[in-house]
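Trainee: Got a minute? I'd like to go through how two chains meet in a model.
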Amino acid sequence: MPRLSSLWNLANPTRFLGLADRLLPWLAALASALLGVGLYLSFFVAPPDYQQGETVRIMFIHVPAAWLGLFMYVMMSASALGTLVWRHPLADVAQKAAAPIGAAFTFVCLVTGSLWGKPMWGTWWVWDARLTSVLVLFLMYLGIMALWRAVDDPGRAARAVAVLTLVGVVNIPIIKFSVDWWSTLHQPAAVFRIDGPTIHPSMLWPLLVMALGCTVLAIALHVAGMRNEILRRRVRSLRLMEAERLDAGAETAAGAAR
Amino acid sequence: MSDPHAGFIIASYAFTALVIGGLVLRAIIDHRAQRRALKQLEARGVRRRSARQEAAP
């Protein structure tokens, strides 16, 4: 399988650093352009909703944030498999870099949902299945980030985090189908439905452009995070190498003095 | 925006900008810190084996 092996070679950390340096300016420019157009469509083209009024504009950021909170976790789960099954050097780097981005988008989803809920539902929060399962996702992200910091050796931390991540993946279908399985205050899916979206195109397009912009931004942040993590590991191994060299030098000097 | 719920809309976008801005800033600051640490180590003569091989004639 030559194509697979060339992909495998591309995922070498040194090659990845070169690729990241070349890709990041383009990803940043694309994300800025998409988000600029998306914000223009959200505020100046999309009409107010007949029931929600202007408050519907919160949806143009709340929904992409929710999608990305889920997307980053699915990405982390795929990386966790890469760590446990193939032991690929970039898999745990990818997993570690994804966690804060996923946590940030999930946090944005929770806060903007709350800011929408107060004027529309009359409450900041309800313990319904959708809201609670998204809160559990946020807590999973925090737990994963804490576990990364708790173990010094990156290899050991990666395996522990990979197991925790794969245990937590059970929450993803619960979040997605919570609005169908239980009676929730949160409305059911309006975009990804078998019978097609139930949103008018004047609101669907701004939402899709914002979602695409947020996705490109998340990918750019993820590539940047992976690049930083690779550099951090290099710094760590060089510091260990320097400490060993200093130890060996001190022992030689002590031996000569004796 | 004269909507009675304008405060909620502005707060949502301001909070999102703050969080995403924080992520971007964190990535930039972290990148500079790691590059600086690598340069300092290399200046002290600590290099990766592959970097030493590349530097050798």
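Trainee: How many residues of chain B are in contact with chain A?
Mentor: This is a predicted model. In it, 29 residues of chain B are in contact with 38 residues of chain A.

Trainee: And how much area do they bury between them?
Mentor: About 3200 Å². Carbon and sulfur atoms account for 72% of it.

Trainee: Which three residues of chain B supply the most?
Mentor: Phe8(B), Tyr13(B) and Arg48(B). They give 20% of the area that chain B buries against chain A.

Trainee: New topic. How many salt bridges cross the interface?
Mentor: The rule finds three. One of them joins Glu242(A) and Arg44(B). Their closest N and O atoms are 2.6 Å apart.

Trainee: What about polar contacts between the chains?
Mentor: Six residue pairs, both residues at pLDDT 80 or more.

Trainee: Which element of chain B gives the most to the side touching chain A?
Mentor: α1(B), with 20 residues. By class, that side of chain B has 15 nonpolar, six polar and eight charged residues.

Trainee: How do α4(A) and α1(B) pack?
Mentor: Helix α4 of chain A covers residues 91-121, and helix α1 of chain B covers residues 6-43. The angle is about 170 degrees, and the axes are 9 Å apart.

Trainee: Parallel or antiparallel, then?
Mentor: Roughly antiparallel, because the angle is over 145 degrees.

Trainee: Which residues make that contact?
Mentor: From α4(A), they include Ile101(A), Phe105(A) and Val108(A). From α1(B), Phe8(B), Phe15(B) and Leu23(B) are among them. The contact has 15 nonpolar, three polar and two charged residues.

Conventions:
Residues are numbered from 1 along each chain as its sequence is written. Chains are lettered from A and ligands numbered from 1 in the order in which they are written. This is a predicted model: local features need pLDDT of at least 70, side-chain atom pairs count only at pLDDT 80 or more; totals for chains, interfaces and linings use all residues. Side-chain values use heavy atoms; hydrogens and water are left out. Axes are lines fitted to C-alpha atoms, for helices over the stretch in contact, and angles run from 0 to 180 degrees between N-to-C directions. Helices (H or I, at least four residues) and strands (E, at least two) are DSSP runs, numbered from the N terminus. Angles under 35 degrees count as roughly parallel, over 145 as roughly antiparallel, 65 to 115 as roughly perpendicular and the rest as oblique. Contact means heavy atoms within 4.5 Å. Ala, Val, Leu, Ile, Met, Phe, Trp, Tyr, Cys and Pro count as nonpolar, Asp, Glu, Lys and Arg as charged, and the others, Gly among them, as polar. Buried area is the accessible area (1.4 Å probe) that two parts lose on being put together, summed over both. A salt bridge is a side-chain nitrogen of Lys or Arg within 4 Å of a carboxyl oxygen of Asp or Glu. A polar contact is a pair of N or O atoms within 3.5 Å; within protein, one must be able to donate a hydrogen and the other to accept it, and residues adjacent in sequence count only if both atoms are side-chain atoms.
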